[in-house]
Amino acid sequence: MTAPIHNKSVVSAARVTDSLEKPALDDRSYRVILLPNQLEVLLIHDPKTDKASAALDVNVGSYSDAEDMPGLAHAVEHMLFMGTEKFPSENEYNQYLSTHNGYSNAFTAATSTNFYFEVAASAHTPSNSKASSQIDVSKTTNDSILYGALDRFAQFFVKPLFLEDTLKKELRSVDSENKKNLQSDTWRLHQLSQSVSNKKHPYNHFSTGNWKTLHDNPLSKGVDLRARFMDFYEKHYSANRMKLVVLGRESLDELESWTVELFSDVPNKNLQQNRWDDIPLFEENGSFMQLFAKPVADVRTLSFFFPYPDETDMWDCHPSHYLSHLIGHEGPGSVLAYLKEKGWADSLSCGSLPLCPGAAYFDIRVTLTAEGLIQYQEIAKVIFQYIALLREGTPQEWVFEELKNVGEVEFRFKQNSSASKTASRLSGMMQRPYPRDELLSAPVTTRVFSPAKIQEGLEYLRPDNVRITVVSQNYPGTWDKKEAWYGTEYSYQPWPKDFKKMIIDAAGARSADRPSQLHLPHKNEFIPTRLDVEKKEVLTPAIAPKLIRNDQYVRIWYKKDDQFWVPKANVKITLRTPLSSITPRCSAISKLYCSLVQDSLNEYSYDAEIAGLEYSLSQNGLGLQIIISGYNDKMAVLLEKVLHSMRELNVKEDRFDIIKERAQRVYKNWHFKQPFHQVGTYKSWLTQDRSFIVDELANELQNITVEDIRAFYPQLLKQLHIEVLAHGNLSKEDARNITDLVETILKPKGLPSAQWPMRRTLVIPPGSNYLYERTLADPENVNHCIEYVLPIGDDQDRNLRAKTLLAASIGEEPCYDQLRTKEQLGYVVFSGAVIPVTHLCYRILVQSEKSPDYLEGRIEAFLVQLGEQIRDMDENKFEKHKAGLCSKISEKPKNLKDESIQLMSYILAETFAFDSAETDVAEVMKLTKADIVDFYNSYLSPASKTRSKLSIHLLAQATPASIAAHMTPEEQLDKTVALIVQLFQSNMPVDADKLKARFAKVDLSGGDSDAVLGAVGTYLREDAGLPQEDVQGILEQGKLAIGSVLASVGIESKTETPATTDVIPVAAKATTITDVHEFRASLQASLGLRPVRDISEYEDIESKL
């Protein structure tokens, strides 16, 4: 064991256990210790991990918010990132992580706040990399990357600063996060459920918080914000309420040494666990109530909210699992099968959800068809009739045994997830009363059959203990209330008398009074019994599959699992055909066909899904794709059924109408997604040679008939090329047999390679500058979005690819820090390299209330700043960035699924670049700082004459003209001053009133940007007292943004800012794309993707078993 970096008086930890029940193939080592300050720690030694992580869960959350400051716990979570006594810089933590290929995050739940990070496990490139010998570790970083991260992380809980000058910025961030969710039905309906519940229970709280609850309201009452934040921290953050997980390559002893050293100073206040026993979730008059809510999107749901016992202490029997398995079943005899047969429902889900110590609820949720909405009372009757069926008999042990067996198999062959997911999840699990030697197994296994506890749980599913919620844009058509926090329209009323009687009768119905179609499920024949794995140890896992068949009809790629050793496989079958996506109509019909096949298989495939075997059928740009994944025992049985259903689909008119109407709503609701989820679709539409937007698909869908499906799908399957990847616990013979099934059942003609769909990028010419604007459809959305795209070049130019990846990696953390943390442009800020099909791009994406014109100006200013940072970067820091990127590139797949996805991406791209990571690392290691400076000057710098740019602006329903139409001159002035204050806020405080006074003689409406800058300059000299040299420098930078500031208040700048050798104005004219067809026609298509080596190198055609 190496000694700690900083010597400290020896403190020891108590050993809780060294022996945890583990999955069969888990080669990690575990240890649970208790520090002297009562902070409990799980240490994980993973000798093969390429990422290290830590997570700390604090047993306090939004349920502990002060009544007068909703969102306080969430805001405190944000503030802990903003500097500590030992590391006072607000960006120190994230900058350190970013330099070492890491990141961090946190979330605030009801009774828990969870902080976590992930970072490179070591400064070395993995030893199996050919490039590892090229990295001089002594020039990059020391071997204690994890230690450095832990040192910074621990200080969150030892001595955070709660700096006054970061407080408002983080409250703005919380407010932006809340505004991001304002049009999300998930958030709106969850808050509505809380708001109509018992005001004495913390479930009633508004958990996110916003500017008003955390800033304006407290200040109006004379509250010292910083003091309140610190008071909350002091009151609730205590070592004995914390659970820490540390995962790394280091030995358990070394991890223990570091943990004791760094976390023993976390103060222990011996706080008791918060509990909310005996506080009802419903108000006194809350029984027999129904809630009608109007959603943003066109969705229809019926849900049942039953207050339910907290089962935290029943971890060994999980009684609610038995109930949710039967009520939520989808096979023959189930509630859903009956409702689908009636044409009333699309899906049903249910389960128990813990809220806090002392409270939980059982939720049943049905997605409704149009007819189902009308029949919602009948659906409620059927559900209570099924509950009566369960209550009438005794719990069945064979059902329990199936669930137990499935859980045991799942745990036995559980594969690793990423380091940060593992650490975050387990730190939360440690808050539960699981025996520490069963910490890994208890959450997923059920050990004890307890009929009595199942019956007790069933007794809570009563008509007098439920709230029914109907969600629809059309029913009942009038809503007389508005929820306070999100503005959701709703009505809340007692059940009608006849409905109440019907449900009470249904809950007590005997067998003769229930539909005969309702019964318990049959035994599950898909539960795997053949779980043998042929394990052949290899020195190094193969990076590429073998091509065991290659002819005009079929290619079979095969890779025997050589590193995860689970009885599972992934079979990915691509049926190439240009017909599936040659036009929007063909694409819409193909998607509808896939949905109809899946709908027809739902009852049959549900048992397989329960048993860990899943399938999917989808349409993409290459054709159709079938994926079968899970336990390989019954894989061929499921595939055969899927193929027959594809070939022999009986398109029933009633199901066609339901599936088509559902697809129409999906297309309609797409426009109500958050803007940053929409913008990528428009980018693809503009820059890919065959890409359709949702509007095009929706227009075609409305005219598609059942006869169109019946006529089209046989043609779709008539001529195909079949590409198969068989990966996992399969033999070559298994792979061939699976492919034989596809050929013999579908019986397609071969598709010559010359007719295969080819994907290309439309190339934005060097020196061009394009702008595409689109107004968002959601009238209530307050957020704009910009995706600022700088096309670079051919992805198969390996040197150019390496430069793009490295420049993007260097810029990632400064971009986030500048645009999100310092300037607070919005909660959503992304940057990085992207590769749409064939062409490299660098992009920055921001979602914000601020106008895209303004955002574009701030992005341009950041890029100027980035150039300075790259030029000023010392060689040691540059080498650290290279090492961090190489670590990221060299990350290994964490499980079989990850590896399958990676392999299939290279196969379908037809590059066969299975050694891409090795090649990229080698190219990155060749790069010098001068290379990246030259790359920046050519491709990223706003001053570049050869840079190409495409900027996509999604506009919340307002333009500068409409803004001006709804703003008085005084409002325009106030907003202009506010925007200028925001520009300065990261560097200096600004007195807004004095700044505004300097605009007394400025004709703002005239758009004279020189006059605006003059007023700012006068303020800086005479009010802020800055020397003229500093003022001049600030005004030069201000020229970059002033046009955008004026545009944000509906004023067009009339003054051209002259270009200099250093700066190109943001207002430099862009060509606005008004005709997308014409724009696309003006661009040249890129080369298609080409193999990086001849496919014959992978052939193993003659190999025998």
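# A tour of the predicted chain

Select residues 807-902: the C-alpha atoms at the two ends of this span lie 24 Å apart, and the span is 61% helix and 18% strand. The model on screen is predicted. The selection matches a UniProt annotation from an unreviewed entry, "domain: Coenzyme PQQ synthesis protein F-like C-terminal lobe".

**Second span**

Next, select residues 411-699. An unreviewed UniProt entry annotates these residues as "domain: Peptidase M16 middle/third". Here the end C-alpha atoms lie 47 Å apart, with 37% of the span in helix and 18% in strand.

**The chain as a whole**

Now clear the selection and show the full protein chain. Its secondary structure amounts to 38 helices and 29 strands. The radius of gyration is 31 Å, close to the 32 Å that the globule rule gives for 1105 residues, so the chain is as compact as a globular protein of that length. Along the principal axes, the C-alpha atoms fill a box of roughly 90 × 75 × 70 Å.

Switch to a surface view. The accessible surface of the protein chain is about 44,700 Å², and carbon and sulfur atoms account for 49% of that area. Of the 1105 residues, 59% are buried. If you colour by charge, there are 124 positive and 150 negative charges to find, and their mean positions are 2 Å apart. Among contacts with a separation of 6 or more, 82% join residues 24 or more positions apart.

**Helices H2 and H4**

Return to a cartoon and select H2, residues 92-99. Which residues of H2 are buried? They are Tyr93, Tyr96, Leu97, Ser98 and Thr99. To see what covers them, add strands E5 (103-108) and E6 (113-120), then helices H4 (145-154), H26 (798-822) and H28 (875-889), which are included in that cover. After H2 comes asparagine 101, which has a positive phi near 55°.

From there, move to H4. How many of the residues of H4 are buried? The count is 10 of 10. They run through Ile145, Leu146, Tyr147, Gly148, Ala149, Leu150, Asp151, Arg152, Phe153 and Ala154. The charged side chains Asp151 and Arg152 are thus among the buried residues. The packing partners of H4 are strand E4 (51-58), H2, E6, strand E7 (242-248) and helix H9 (252-263). H2 and E6 can be left on display from the previous stop, since both appear again here.

**Three backbone stops**

Follow the chain from H4 towards helix H5 (164-180) and stop in the loop at phenylalanine 162. Phenylalanine 162 is not a glycine, yet its phi is positive, near 50°. Is its side of the loop buried or exposed? Phenylalanine 162 is buried, with a relative accessible area of 3%.

Next, select lysine 747, in the loop between helix H25 (732-746) and strand E21 (749-750). Lysine 747 also has a positive phi, about 50°, without being a glycine. At 58% relative accessibility, lysine 747 counts as exposed.

For the third stop, select tyrosine 475 and proline 476. The peptide bond between them is cis, with omega near 5°. Proline 476 sits in the loop that joins strand E12 (467-471) to strand E13 (481-482).

**Two buried strand residues**

Select leucine 771, in strand E23 (residues 769-775). Leucine 771 is buried because its relative accessible area is 12%, under the 20% cut-off. Show its contacts beyond four places in sequence: Ser951, His953, Ala1070, Thr1071, Thr1072 and Ile1073. Then draw a distance to lysine 1069: the C-alpha atoms are 9.6 Å apart, although 298 residues separate the two along the chain.

The last selection is alanine 345, in strand E10 (residues 345-356). Its relative accessibility is 0%, so alanine 345 counts as buried. Beyond its neighbours within four places in sequence, alanine 345 is in contact with Leu336, Leu339, Lys340, Val366, Thr367, Leu368, Thr369 and Arg655. As a final distance, take alanine 345 to glutamine 552: the C-alpha atoms are 44 Å apart, with the two positions 207 residues apart in sequence numbering.

Definitions and conventions
Residues are numbered from 1 along each chain as its sequence is written. This is a predicted model: local features need pLDDT of at least 70, side-chain atom pairs count only at pLDDT 80 or more; totals for chains, interfaces and linings use all residues. Side-chain values use heavy atoms; hydrogens and water are left out. Helices (H or I, at least four residues) and strands (E, at least two) are DSSP runs, numbered from the N terminus. The radius of gyration is taken over C-alpha atoms; the globule rule is 2.2 Å times the number of residues to the power 0.38. Buried means under 20% relative accessible area, exposed over 50%, partly exposed in between (1.4 Å probe, protein chains only). Contact means heavy atoms within 4.5 Å. Accessible areas come from the Shrake-Rupley method with a 1.4 Å probe; for residues, only the protein chains shown count as cover. The place of a charge is taken as NZ of Lys, CZ of Arg, CG of Asp or CD of Glu. UniProt positions are given in the numbering used here, feature names are shortened, and annotations may be inferred rather than shown by experiment.
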